[in-house]
Amino acid sequence: MLTSPSRLSRGQTSLESGGPLPILHDLDQPFIFNISMYNRPYRFEFFDTASPENYTLLRPDFVILCYDITDRRSLINIQQVWRKDVTRHYRVDGEDVPVMLLGLKRDARVEEPGVIYPQEGYRIAQEMRCDRYAECSAVTGELISEVFEDIARTAAKTTTKAGGLTQGGCTLM
């Protein structure tokens, strides 16, 4: 079965700005986005942990655990492996790093066994003590801007009056 490329990889325009979205390549990591929020500039650095070999060397301020809503194994993998790794490896000043559970491929949801519905994803996010839960579709752009806004708001709350927990801005994984 062939899957269509995402809006980002096809270079389509964003929903709000009307400008082109950047084409992202694994070798270009981290993916850097400079935004303004609350009348302050923020620099977000996104890492795809499928690419770096030594992901435990990263020091994120916020972690996004993504799963495919059409593949229950991906959510089970987050529950059994990734959430525990995040808790074990990422702490800032002795506190857990904020975590978002993000369901991907929202456009591919069909009524059949094994598909994860929003209420189940939200329940599992609560059980794993994640700080946020969201779903989106990169192919259709559905809820992308809302997810980015939620990420930005949550990440911005990790900053201090001095500007941030780290020198490099907010790093997201």
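**Group meeting talk: a walk through a predicted model**

Let's start with a hairpin. Strands E1 and E2 make one, with 2 residues between them, and in that turn Tyr38 has a positive phi of about 55°. Before I go on, please keep in mind that what you have in front of you is a predicted model.

So, staying with the hairpin. E1 covers residues 31–37 and E2 covers residues 40–46; the two run antiparallel, and 7 bridges join them. To pick out one of those partnerships, Ser36 has Pro41 as its bridge partner in E2. Another residue to find in E1 is Phe33. Phe33 and Arg43 are 10 residues apart along the chain, yet 5.8 Å separates their C-alpha atoms. Is Phe33 buried, exposed or partly exposed? Its relative accessible area is 24%, so Phe33 counts as partly exposed.

Okay, let's zoom out. How many helices and strands does the protein chain have? There are 4 helices and 8 strands. If you read along the sequence, the pattern goes α-β-β-β-α-β-β-β-α-β-α-β. The chain has 173 residues, and 36% of them are buried. And here's one on contacts: take those between residues at least 6 apart in sequence, and 64% of them join residues at least 24 apart.

Now the sheet. I'd like you to look at an open sheet of 3 strands, in the order E3-E6-E7, where the pairing is parallel. Which strands sit at the edges? Those are E3 and E7, the latter being residues 132–135, and each of them pairs on one side only. From one strand to the next, the twist averages 20°. In general, strands in a sheet pair through backbone hydrogen bonds, and they can do that in a parallel or an antiparallel way. Here, E3 and E6 run parallel and are joined by 6 bridges. If you want a spot to click on, Asp68 stands opposite Leu104 in E6.

Helices come next. H2 lies across E3 and E6, and H2 runs at about 165° to E3. H3 also packs on the sheet: H3 touches E3, E6 and E7, and its direction makes about 155° with that of E7.

What's between these pieces? Nonpolar side chains tend to be buried together in soluble globular proteins. In this model, the largest nonpolar core has 20 residues, and Val63, Leu65, Tyr67 and Leu101 are the ones with the most contacts inside it. Which elements give two or more residues to this core? They are strand E3 (63–68), helix H2 (72–89), strand E6 (99–104) and helix H3 (118–127).

Tyr67 is worth a stop. Leaving out residues up to four places away in sequence, Tyr67 touches quite a list, including Ser74, Leu75 and Ile78, then Leu101, Leu102, Gly103 and Leu104, and also Tyr133 and Glu135. Apart from this core there is another, of 17 residues, with Met37, Ile64, Cys136 and Val147 among them.

That brings me to the cysteines. How many disulfides turn up in a search of the whole structure? The count is 0. Take Cys136: the closest cysteine sulfur to its own is in Cys66, and because that is 7.5 Å away, it's too far for a bond. Cys136 is buried, because its relative accessible area is 5%. Cys130 has 14% relative accessibility, so Cys130 counts as buried too.

Last stop, helix H4. Glu146 lies in this helix. Its C-alpha atom is 8.6 Å from that of Cys136, and those two are 10 residues apart along the chain. With 45% relative accessibility, Glu146 counts as partly exposed.

Asp150 is in H4 as well, and the helix spans residues 144–156. Buried or exposed, which is it for Asp150? The cut-off for buried is under 20%, and Asp150 comes in at 16% relative accessibility, so Asp150 counts as buried. What does its side chain make a polar contact with? With the side chain of Arg132, at 2.7 Å. Setting aside neighbours within four places in sequence, Asp150 is in contact with Met100 and Arg132.

That's my tour, thanks for listening.

Terms used. Residues numbered from 1 in each chain as written. Predicted model: local features only at pLDDT ≥ 70, side-chain atom pairs only at ≥ 80, totals over all residues. Heavy atoms only, no water. Pairing = 2+ DSSP bridges. Core = buried A, V, L, I, M, F, W, Y, C linked by side-chain atoms within 4.5 Å. Buried < 20%, exposed > 50% of the residue type's maximum accessible area, 1.4 Å probe, protein only. Contact = heavy atoms within 4.5 Å. Disulfide = S-S within 2.5 Å. Polar contact = N/O pair within 3.5 Å; in protein donor to acceptor, adjacent residues only side chain to side chain. Axes fitted to C-alpha atoms, helices over the stretch in contact; angles between N-to-C directions.
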